[in-house]
Amino acid sequence: MEVLVNDEIERLQRLMQEQQRANGSWRLCFEGPPMTDAYMIMLLRTLEINDEEVIRGCVQRLLTLQTDEGTWKLFDDEEKGNLSATAEAYIALLYSGYVQEQSERMKLAKQFILRKGGLQNTQFLTKAMLAHTGDYPWPKFFHVPIEFILLPQTSPINFFDFVSYARVHFAPLLITSNIRFTLKAKGAPDVTSLNIPQPDSLFTRKRDNDLRSLLTSILTEIKKLALSPLHLRRLALKRAEQYMLERIEPDGTLYSYFTSTYLMIFALLALGYNKDDPLIRNAVSGLKTFLCQTKDGAHIEFATSTVWDTALVSHALQQSGVHPTHPMITKAGSYLLSRQHQRFGDWVINNPNSLPGGWGFSDSNTTHPDVDDTTAALRAIKRLSSIDSSYQNAWNLGVHWILSMQNDDGGWSAFEKNQAKAWIAWLPIEESSKIFIDPSTVDLTGRTLEFLGNHVVLPRDHPPIKKAIRWLRSQQERDGSWYGRWGISYIYGTWAALTGLTAVGVRSDHPMIKDGANWLIRIQNDDGGWGESCKSDQKKTYVPLAASTPSQTAWAIDALLAVYQKRTPEIDRGINYLLESSDDHDWSTTYPTGAAFPGGFYIHYHSYRYIWPLIALSHYKSLL
């Protein structure tokens, strides 16, 4: 066993060395559903930027991902197909001009869309994106008054109640929805047949009442501003414009996200900017840098995961025995050092007493740090900070920033502190209470505890640690598992909780630790691995995948190693699965195990099948 483990560790080390870039980073594909490819095609056609290489590459991936039934899915075991993904891909292929509406598979796709109720039944973001190109009529419930953006933070309901990544979508959306702006591409397809006439609202009477109450509250607060309606409208449009412009990253994108940049481009056009304006051209150029190659064709990433990949790979290599003075590690360290944030971002609104010091997810991200990327980067530079003084200040700033971001309930969120207003749930949008706020999550809290326990070495009786332990205990499910927000799902959350709790000294015989470990053992597959479906995230209960995946298997092994600190039959079987499946290339090795928008966007990180098995194998090797 030891020889096989060593061989696999060395193989993974070589693979990572081969893929490191000249600047020290690792950039592996952050692969999502068809959405971004579809809207990139539509955006380029609408702006009359006929970059056929990009368009053909995206068309190839969309066609490859289409099922024999003519549909598109968010994940392999999604039954039949996903309405929003199918509508987006179908319309985009028509926009491309390379696919004929009367082809057999396109006819099947259209039949599926109509059978599911048409565009009216797609998710909120799909309707919003399609409204800009005139492919879906602006619905009434989009019409939140743009003056909403002027409400002060002292108002009981205001723009800054949304989490930062939601605000950068709502700012341009407020502009375009209030102007009712659309820009139809020359020669754009006619998809009006997909708009099946239905009542204005598909929501329950309670949701309608909630929305009316919300709009009434907003209008009441706006009236308190005591300015003329015309003046308020001009001021609000300018405020929304400035909000976007102040958050454009060096690559021209808005917050380094595809969808917010897409919406920003249309908002600028609505405000009178020309298609050839440098801001719009730079934004499009920035989006083109999101292109990565997959086995299915060219893919436009939702965001680049370069900082995340680099931090995780560097840490995994060091865990596997690569010395911090090795060129791979020092080059990665230099890259990460250059990406630490020096500017105050929106996080300072709820955390005004801390200096910058975090890291973001994407290569071009300069003002939008998050807790998970920051602890990942700090793990990667920890040993470097002990041998190179240039890293010490970065380490100190990062640790202080992490500690300052703890929520009052004891947990940690991704992007902002104490940011979870209840009124957001009134919005008639799928999963609004999860997408538009940033509450404490098990995975962020567990991973932060692991960092503070193993790398900062804070004791269990340290006040922030005690608060976090209490919060995690309150979040455990009755079956012993924990739900993870940013990964799939209960395996991810249970791994984060168990590794975090044990790192800060919670004993392995504590009931919550035993219950978590026993749950993982109960769900182990016959082949020795672990696998969980994205349906878990949608149903909020564990759903097995009926196959094992590399990353989820590694998470489960790592959690059990943290609990037992010795070999067990279950751990050995998991290790055997990792070794025997290391060369596999099938749907289970590319299954998305990352989560972005609950119920709507799942991620296949190309780096995960290397990073997490390498960490699990390395921790296992230390016991041999």
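Me: Which helix is the place of T306?
Reply: Happy to help, and note that this is a predicted model. The helix in question runs over residues 306-319, and T306 lies in it. That helix is α12.

Me: Is T306 buried or exposed?
Reply: Leaving aside neighbours within four places in sequence, T306 is in contact with residues including W26, Y335 and F361. Its relative accessible area is 4%, and the cut-off for buried is under 20%. T306 is therefore buried.

Me: Which cysteines form a disulfide?
Reply: The sulfur atoms of a pair must lie within 2.5 Å to count, and the count comes to one disulfide. The sulfur atoms of this pair are 1.9 Å apart. The partners are 263 residues apart, one in the loop between α1 and β1 and the other in strand β2. They are C29 and C292.

Me: Why is the sulfur of C58 not in a bond with the closest cysteine sulfur?
Reply: C58 is buried, at 0% relative accessibility. The closest cysteine sulfur is in C292, and a disulfide needs sulfur atoms within 2.5 Å. The sulfur of C58 is too far for a bond because the distance is 9.8 Å.

Me: In which sense do strands β4 and β5 pair?
Reply: Good one to look at in the structure! Strand β4 covers residues 594-597 and strand β5 covers residues 601-605. F597 has F601 as its bridge partner, and the hairpin has three residues between the strands. Over three bridges, the sense of the pairing is antiparallel.

Me: Which residue in the hairpin of β4 and β5 takes a positive phi?
Reply: Three residues lie between the two strands of this hairpin. The phi in question is near 80°, and the residue is G599.

How values were computed. Residues are numbered from 1 along each chain as its sequence is written. This is a predicted model: local features need pLDDT of at least 70, side-chain atom pairs count only at pLDDT 80 or more; totals for chains, interfaces and linings use all residues. Side-chain values use heavy atoms; hydrogens and water are left out. Helices (H or I, at least four residues) and strands (E, at least two) are DSSP runs, numbered from the N terminus. Buried means under 20% relative accessible area, exposed over 50%, partly exposed in between (1.4 Å probe, protein chains only). Contact means heavy atoms within 4.5 Å. Two strands pair if DSSP finds at least two bridges between them.
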